[in-house]
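How should the contacts between chains in a multi-chain model be read? The dialogue below takes up that question.

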Amino acid sequence: MTDPLHELADKQAALGEVRGAPAPDPVNAPMIRHWLAAMGDANPVYLEQGVAPPAMAQVWTMDAPRDRSPVDDVLAALDDAGYTGVVATDCGQTYHRYARLGERLTPATRFTDLAGPKRTALGVGFFATWNVTWYDEDHRPVAEMLFRVLKFRPPEVGKPYPLQPAVNQDTAFFWEGAKQGELRIQRCADCGALRHPPGPMCPACRSTARTHAVATGRGTLHSFVVHHHPPVPGRELPFVVGVVELPEGVRIVGNVVDCPIEKVEVGMPLRVTFRPMDDRLVLPLWTPEEA
Amino acid sequence: MLSGRAAIGGIGATEFSKESGRSELRLAAEAVLAALDDAGLSPADVDGMVTYSQDTNQEIAVARETGVGDLTFFSRVEYGGGAACGTVAHAAMAVATGLARTVVCYRAFNERSGRRFGQPNAGLSGEPTSQGLEMSWHVPYGLITPAAWVAMFARRYMHVYGATSEDFGRVAVTMRRHAATNPAAWFHGRPITLEEHQASRWIAEPLHLLDCCQESDGAVALVVTSAERARDLRRPPALITAAAQGSGAGQMMMTSYYRDDMTGLPEMSVVARQLWEMSGLSPSDVQAAILYDHFTPFVLTQLEELGFCGRGEAPGFVRDGGIALDGALPVNPHGGQLGEAYIHGMNGIAEAVRQLRGDAANQLAGVTNVLVTAGTGVPTSGLILSSG
Amino acid sequence: MTPETLPETLPELAIDLTPTLIVSTALATRDFTPVHHDPAIARAQGSKDIFLNILTTMGLVERFVTDWAGPRAVIERVDVRLGVPAYAGDRLTFGGTVTSRAGGRVTVRVHGRVSLGDHATGTVTLKEDGRC
């Protein structure tokens with residue numbers, strides 16, 4: 001990679017681990033008590049044994065005076081390149097031991113990796129990964145964290161999504177459901193037949209009395225296309241559209257997202273996810289169901 | 001019964017191009033005059049007109065331009081390219097029932113230099129009409145182009161029958177080979193290889209660029225009159241032995257993904273059933289087929305729905321040379337829409353007439369019956385034309 | 001409950017994400033970023049409302065697992081893939097299953113869902129009866 005972003009990332013990674021300032025306060029009972037109360041965590045072990053909940057590792061150094069870490073320059077360069085959006089994607093913590101009351105932790109940060117540009121559901125972006133290790137006063141690691149964020153180029157703010165559905169009294173329930181995080185399937189109030197796409201009259205019994213079921217949100221990919229050309233307004237190319245078969249017995253069309261295109265295959269299990277496209281439209285989309 | 005009552009007595013067309021440089025109405029008028037001239041008739045003889053509901057040229061406008069006087073019959077046929085053979089079916093019904101004596105069917109557009117059907121149109125889901133609502137289950141997800149709509153069926157067909165992109169490619173290669181020796185074809189003298197097909201860029205996987213038909217400017221017109229009168233015209237008649245329209249249960253426009261089976265075209269099966277019943281013929285009685293080829297996968301499906309081979313057998317049929325000029329069922333000797341021009345299926349009907357007359361560019365021997373189909377993935381139509 | 005009889009599926013934990021919970025946990029984790037306590041700023045930045053900070057997500061995953069495993073369990077590792085935001089007014093429901101158990105070490109697959117989908121999915125590794 002020879003572009004400036006990867007060059008900078010390589011340079012920052014080569015710095016290795018950079019130590020920050022030690023925690024302003026030692027590990028202490030009041031902050032632990034405050035944390036446990038806020039989390040609703042009734043585990044007595046911490047205060048009884050004089051140790052901190054391990055997930056507090058980062059809390060001890062949140063108020064430390066911050067020197068510039070090797071990560072900051074990379075994130076700033078991404079901002080300058082237009083990748084101003086940020087969303088954390090992964091957080092992994094390893095605890096060598098629980099921190100004890102009275103000890104003072106010192107963080108050290110190492111920039112690990114910059115991957116991209118990649119197309120994501122949020123837009124084109126880079127995944128930046130770094131590691132933080134908290135050391136005790138004997139320079140032994142107490143806890144480690146891997147943290148990864150996606151820095152993305154946000155869609156133009158306030159711009160309405162150009163591919164809006166037409167909606168009428170026969171279909172509004174579906175789109176309202178999507179806004180509320182529900183995948184709704186029309187159900188005949190008389191014979192109970194489920195149906196998608198919906199319509200004003202039950203083709204099975206001709207009833208016009210309608211209600212809906214909320215789908216489990218699981219599905220199987222029945223067929224799909226990878227759209228490459230021509231460009232489609234509001235969409236980054238290429239993108240995947242599939243026909244999804246639901247266990248409820250109906251099919252629905254939607255995008256398959258958060259999955260490398262080469263991994264998409266007929267028969268793969270999927271789970272629904274809801275994505276706001278603009279102020280007024282939420283689309284039910286599909287992600288791989290973890291095994 | 002409609003069979004044998006009416007005939008196509010004249011065909012006419014403009015040149016096929018990428019930029020006609022003329023208005024669509026002018027193209028329509030030119031093609032209509034050419035078809036009347038071919039039949040040896042004058043505009044004064046015309047009393048009926050039929051076109052596609054998508055055509056931008058109203059019947060009365062074409063009548064004004066060509067000096068046609070009173071019209072006693074006019075009709076529009078719905079559903080995009082599925083209308084092609086339907087225009088002839090409507091004209092034949094009008095002639096057979098006495099509503100009109102001489103009906104002109106036409107299709108004219110600048111589909112390359114004007115509005116291109118392959119470009120995304122967010123307006124498809126703009127209004128809560130039944131069609132706008134139907135499109136609203138697809139357009140918001142970017143499923144908005146004909147290539148992508150067809151690709152969805154194609155992927156399922158591949159999955160179920162083990163068909164490959166090469167199987168689609170062989171259709172394109174055959175059509176381009178036919179077009180290469182048809183001087184009227186845009187791709188005259190420009191055949192392709194299967195390797196070129198495979199190397200062409202993705203449009204909507206699993207469809208490559210060369211799985212998609214071209215975009216064309218042009219117009220075609222046909223003159224339909226009674227079989228009896230057609231025999232007295234300048235050129236030999238093409239008898240309308242069967243004409244049919246069809247849609248299937250759960251039908252949608254290009255997106256019938258919600259029916260049990262996504263590997264077939266039930267609407268074409270509806271058309272096929274009527275064509276064979278009305279004509280009394282069977283697949284072995286036709287010497288050539290004009291199959292609508294906007295995208296290669298549906299040529300395979302049509303071979304199966306029409307009964308030329310069994311379910312899932314079309315890839316093998318094509319691999320064995322079945323659709324070539326010397327094959328078991330020569331398909332689109334003019335090169336189809338992949339090779340000659342995309343005039344929404346109307347140019348294929350003209351080719352069927354030429355094959356029956358014996359004056360086609362790639363003339364087949366002993367042609368007495370030709371089957372023609374219209375747009376696929378939509379409610380469609382078909383014809384069996386016979387030498388008279 | 002002894003380790004041998006621990007069920008393979010963890011009891012569900014549903015947490016109503018009141019503004020109080022979002023704000024108090026943000027402060028308890030020393031995270032003063034406005035999107036975790038100021039609805040106007042959160043909305044101005046394109047969010048629906050204030051939302052849970054990541055430190056809290058990690059803390060709640062830990063709580064969910066130790067509620068089940070008991071005070072003798074020692075957490076060794078938490079790996080979380082972060083998904084949709086957990087907004088105020090929503091409900092965060094945790095579920096989990098034991099995926100391996102060997103040599104006193106248990107791995108639990110965990111997911112935390114909100115109405116928009118998966119907020120957090122991941123694995124937690126713990127010693128059933130360890131020294132912290």
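What follows is a tutorial exchange on the interfaces of this predicted model.

Q: How much area is buried between chain A and chain C, and how many residues does each chain bring to the contact?
A: The size of an interface is often given as the accessible area lost when the parts come together. Here chain A and chain C bury about 3,200 Å² between them, with 53% of that area on carbon and sulfur atoms. Each side is made of 38 residues, from chain A and from chain C.

Q: Which salt bridges and polar contacts cross the interface of chain A and chain C?
A: The count of salt bridges is one. Asp63(A) is joined to Arg30(C), and their closest N and O atoms are 2.6 Å apart. Eleven residue pairs, both at pLDDT 80 or more, are in polar contact across this interface.

Q: Which elements of chain A each supply at least two residues of the side that touches chain C?
A: These are helix H2 (29-39), helix H3 (45-49), strand E2 (85-95) and strand E12 (269-276). The largest share, eight residues, belongs to E2(A). By residue class, the side of chain A that touches chain C holds 19 nonpolar, twelve polar and seven charged residues.

Q: In what sense does E2(A) pair with a strand of chain C?
A: E2(A) pairs with strand E2 (residues 74-82) of chain C in the antiparallel sense, over five bridges. Within this pairing, Cys91(A) stands opposite Val80(C). From the UniProt record, an unreviewed entry, comes the feature "domain: MaoC-like" at residues 12-113 of chain C. That span is 31% helix and 34% strand.

Q: What are the corresponding values for chain B and chain A?
A: The buried area is about 3,100 Å², of which carbon and sulfur atoms give 66%. The contact takes 37 residues from chain B and 40 residues from chain A. The rule finds zero salt bridges between them, while 18 residue pairs (both at pLDDT 80 or more) are in polar contact. On the side of chain B that touches chain A, H5(B) gives the largest share, six residues.

Q: Which strands pair between chain A and chain B?
A: Strand E9 (residues 218-227) of chain A and E5(B) run in the antiparallel sense over two bridges. His227(A) stands opposite Ala204(B). An unreviewed UniProt entry annotates residues 215-275 of chain A as "domain: ChsH2 C-terminal OB-fold". This span is 0% helix and 48% strand, and its end C-alpha atoms lie 17 Å apart.

Note on methods
Residues numbered from 1 in each chain as written. Chains lettered and ligands numbered in written order. Predicted model: local features only at pLDDT ≥ 70, side-chain atom pairs only at ≥ 80, totals over all residues. Heavy atoms only, no water. UniProt positions renumbered as here; feature names shortened; annotations may be inferred. Helix = DSSP H or I, 4+ residues; strand = E, 2+ residues; numbered from the N terminus. Contact = heavy atoms within 4.5 Å. Buried area = accessible area lost by both parts, 1.4 Å probe. Salt bridge = Lys/Arg side-chain N within 4 Å of Asp/Glu carboxyl O. Polar contact = N/O pair within 3.5 Å; in protein donor to acceptor, adjacent residues only side chain to side chain. Nonpolar A, V, L, I, M, F, W, Y, C, P; charged D, E, K, R; others polar. Pairing = 2+ DSSP bridges.
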